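Here are my comments on the model you sent over, in numbered points. Have the structure open while you read, and shout if anything looks off.

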Amino acid sequence: MSLAVVVAAALFVGVIAYALFGGADFGAGFYDLTAGGSARGAELRTLVDHSIGPVWEANHVWLIYVLVTWWTAFPESFAAAMSTLILPMLLALLGIVLRGASFAFRKYAATLGQARVFGVVFAISSVITPFFFGTVAGAIASGRVPATGRGDLWTSWINPTSIFGGVIAVGTCAVLAGTFLCADARRAGQDRLTEELRRRTLAVAVVTGAVVFAALVPLEQDAPTLATGLQGRAAPLVAVSAIGGVATVVLIATRRFATARLTAVVAVASVVSGWGVGQYPWLLVDEVTITEAAGAPATLRALLVAAGLAALLVLPALGYLYKLTQSESWSR
Amino acid sequence: MIDPALTLLSLADAVPAGVQGLANADPAGLLPARQQMALSLGWHIILACFGVAFPAMIFAMHLIGIRRNDPDALLLARKWAKVSAVLFAIGAVSGTVLSFEMGLLWPGLMGTYGDVLGLPFAFEGLAFFVEAIFLGIYLYGWDRMPPKQHLMMVLPMAITGVVGTFCVIAVNAWMNAPVGFDLVDGEVTNVDPWAVLLNPDAFWQFLHMWVAAYMVAGFTIASVYAVGMLRGRRDRAHRLGFTLAFAFASGSAVVQPVVGHLLGSRIAETQPAKLAAFELATETESPSPLRLGGILVDGEVRWSIDIPYLGSLIARNSFSKPVEGLASFPVEDRPPVNITHLAFQSMVGIGTLLAVAAVVFWVARWRGRDLLERRWFLRFASLAGVLAILAMEAGWIATEVGRQPWIVYGLMRTPEAAGENSGLWWLLGATAAVYAAMTAGAVIVLRSMARRWRSGEVDLPSPYGPQAQRPHEGVRR
């Protein structure tokens, strides 16, 4: 494996981590949005607040990691993607800004009226942000981002692969969030809420699973390079995601939420990895490969040092944060 | 907030460049990209100051609370932590905006030099990661962790704030004095990213910004308590909150002129045109005067007060060495002079005023006179936060506008870095609207928090409780 591919793998680890942990935070917005009126939804919204409050900023940094690694290691492809995909990138960015700000504002809002305004903004932006990131993934995977010059501003991300990418992103975020929230609600002893979340998570999981596999059909036409990869090199990952998805549904149905978190993570991680492995060795599909796109070797080596330091410093700290937030005493 | 003022200022900067650009056919994305960068960076930098400096102040307050078993200090630390949660959230998202903008606004810079300047950003990301993790632990750790262990959770935040500042500033210092690569036939080769991270100009520039962050956060927090005392809220907590924040701010304000001077004395070598603009030096004079105020009209300096020798003394540490005048540089290599000069002198003037105020306060206190009993001092102190912010923004305007027309000094002109996207004007409009809304939201929420604290509430409960709250749980934090 060349240096460039190792760095691309490190970059993609960041994409997966963002999809899983950042995704679970965004997904919580889906349940917040559909929680009902302020009295009926109060319990759920408080759970959402409590559940993602301590972790969302840390999880968000995976995105920064991805962006920085991308522009440092593969600078021209970064500039190319930002240029063609300016609209979905900006819409996702708008979602990020509104989500973060309104989430913090809602927590300390003085009145229910203010909290509702901030809450609506938080919930809607939580749902749209993964959608636009999904369309970005679809644009890259279907070869619509030219390496030089600018692709079409609209059709580059409004096309079958991008739309499926967006819907799958929203769905996987919601599945992850639902599973985590079920476990959190159970741990806090909120039985009624747990049951309500369980039903909705099951529905979302079944729909998302169906969409993921339905998407394989239009991909044949719309993103042939990716489709070939998914049927070849990435086929085992597709199989793992299917098994993980089914296992998640079964575990949630039988109320084993703690274990369901693991299978949900496996299912989503393998869907995202399937995309990455499926389009290998392309960085921008059909346009530029990972090796061609790579910047200076000295920079790639330095980035690996940074990634190694991240593994040493960040991961233990992150583990500590998760351990605390998932502990009994922090659930009250 | 200061957004409109800043935008106006940067607009003023861009006008000459824009007019000049009509002849050179600047890319359509240049002017909106400049405004966008000025707005989003000028907004974010205020919050970044709190991200850098607030944790250390919270740590000090929390430590006092634990060591002296002081309930006022503990309560203040708890409140400051809640305020920091709001500020850090909008700081985190406005920082993300900047990450996107690097590629969206400056494709020429990122495409060409992305692999040269990227490494410091990677380390900054790392530092921010650790900061965000411990922020989560600290904020939610109140009453859930043993007090001493809980207090220790602030330390990583204070440290990573320093590291993060250094890394970001290293990139800016590199733009001022690029190193770590060779240009062979226009191609970037022999890239050494470590040389960028540890570039010789980074240290002093970092120190200048780091100290500025403590001034901004310290004076702003002190201002809040000064306003409270002016309105008659003279309890011990107000005095404690003021004194601790003002102490941090004072130390920084006194050190800052020295740091600024040491940083400035490098400019004669690294960026002589910027120095000429700072000093409003049209011709090379030996010795150079210090030119207070004044603007350049049709190539003539008007309305300035010149103090002989002082220009050479301050800028060059010498009675005779000249400040190289603007006439030494081709017209197309000169920065917009007036805005650079006025911004620079505003920064120096306000910074000096704040340093003097700090010295006066502590000397008076040492001699047994408490200026907190004097309304004139409280009135001044209640403005100190705004003044510190203005000084910092002026400093950024001075250094950024002073680097023009270069984005990478001597190598890449700003128009070369911009794209052809005239649609960026829409982005600028949308950004202004979103940031205005975010500012309004933050002001509303922070004021409501203060109001509820004044009325005696301690833990601010979730707005979704308790009327429809979990029945078994009782009162929620």
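1. A quick definition before the helix pairs: axes here are lines fitted to C-alpha atoms, for helices over the stretch in contact, and angles run from 0 to 180 degrees between N-to-C directions. Also keep in mind that this is a predicted model.

2. With that in hand, take helix H8 (residues 202–230) and helix H9 (residues 236–264) of chain B: their axes cross at roughly 150 degrees and come within 7 Å. Angles over 145 degrees count as roughly antiparallel, so that is the label for H8(B) and H9(B). The crossing of the two is left-handed. As for what sits in the contact of H8(B) with H9(B), I'd point to 22 nonpolar and 9 polar residues, and no charged ones.

3. Chain A has a pair to look at as well. Helix H7 (residues 160–187) of chain A packs on helix H8 (residues 191–222) of chain A at an angle of about 155 degrees, the axes being 8 Å apart. H7(A) is therefore roughly antiparallel to H8(A), and their crossing is left-handed. Charged residues do turn up in this contact: the split is 19 nonpolar, 8 polar and 4 charged.

4. Now for the interface between the chains. On the chain B side 60 residues are in contact, and on the chain A side 65. Which elements of chain B give two or more residues to its side? They are helix H3 (71–105), helix H4 (107–141), helix H7 (193–197) and helix H16 (424–454). H4(B) has the largest share, with 23 residues. Sorted by class, the chain B side comes to 40 nonpolar, 14 polar and 6 charged residues.

5. Staying with H4(B), have a look at where H4(B) meets helix H4 (residues 75–84) of chain A. The axes cross at roughly 160 degrees and come within 7 Å, so H4(A) and H4(B) are roughly antiparallel. The crossing of H4(A) and H4(B) is right-handed. From H4(A), the residues involved are Pro75(A), Glu76(A), Phe78(A), Ala79(A), Met82(A) and Ser83(A), and they meet Pro107(B), Met110(B), Gly111(B), Gly114(B) and Asp115(B) of H4(B). That contact divides into 6 nonpolar, 3 polar and 2 charged residues.

6. On to the core. The largest nonpolar core has 282 residues, and the members that touch the most others are Met57(B), Val216(B) and Ala222(B). H4(B) shows up here too, giving the most to this core with 21 residues. For a closer view, centre on Ala222(B): beyond its neighbours within four places in sequence, Ala222(B) is in contact with Phe242(B), Ala245(B), Phe246(B), Ala249(B), Ala381(B), Ala384(B) and Gly385(B).

7. Is Met347(B) buried or exposed? Met347(B) has 24 other C-beta atoms within 10 Å, so Met347(B) is buried. This residue lies in helix H13 (residues 337–366) of chain B. Leaving out residues up to four places away in sequence, Met347(B) touches Ala391(B), Ala394(B), Gly395(B) and Ala398(B). If you want a sense of scale, the C-alpha atoms of Met347(B) and Ala73(B) are separated by 33 Å, with their positions 274 residues apart along the chain.

8. Two cis peptide bonds deserve a look. In chain A, the bond from Tyr280(A) to Pro281(A) is cis, with omega near 5 degrees; Pro281(A) sits in the loop between helix H11 (257–279) and strand E1 (282–284) of chain A. In chain B, the bond from Gln404(B) to Pro405(B) is cis, with omega near 10 degrees. Pro405(B) belongs to the loop between helix H14 (375–403) and strand E5 (406–408) of chain B.

9. Finally, a couple of backbone angles to check. Asp143(B) is not a glycine, yet has a positive phi, near 65 degrees. Asp143(B) lies in the loop between H4 and helix H5 (147–152) of chain B, and counts as exposed because 11 C-beta neighbours are inside 10 Å. Asn190(B), also a non-glycine residue, has a positive phi near 50 degrees. Its place is the loop between strand E2 (187–189) and H7 of chain B. With 12 C-beta neighbours inside 10 Å, Asn190(B) counts as exposed.

How values were computed: Residues are numbered from 1 along each chain as its sequence is written. Chains are lettered from A and ligands numbered from 1 in the order in which they are written. This is a predicted model: local features need pLDDT of at least 70, side-chain atom pairs count only at pLDDT 80 or more; totals for chains, interfaces and linings use all residues. Two residues are in contact if their C-beta atoms, placed from the backbone, lie within 7 Å. Helices (H or I, at least four residues) and strands (E, at least two) are DSSP runs, numbered from the N terminus. Ala, Val, Leu, Ile, Met, Phe, Trp, Tyr, Cys and Pro count as nonpolar, Asp, Glu, Lys and Arg as charged, and the others, Gly among them, as polar. A residue is buried if 20 or more other C-beta atoms lie within 10 Å of its own, exposed if 12 or fewer, and partly exposed in between; C-beta atoms are placed from the backbone. A nonpolar core is a set of buried Ala, Val, Leu, Ile, Met, Phe, Trp, Tyr and Cys residues joined through C-beta atoms within 7 Å. Angles under 35 degrees count as roughly parallel, over 145 as roughly antiparallel, 65 to 115 as roughly perpendicular and the rest as oblique. A crossing is left-handed if the near helix is turned anticlockwise from the far one by less than a right angle, and right-handed if clockwise.
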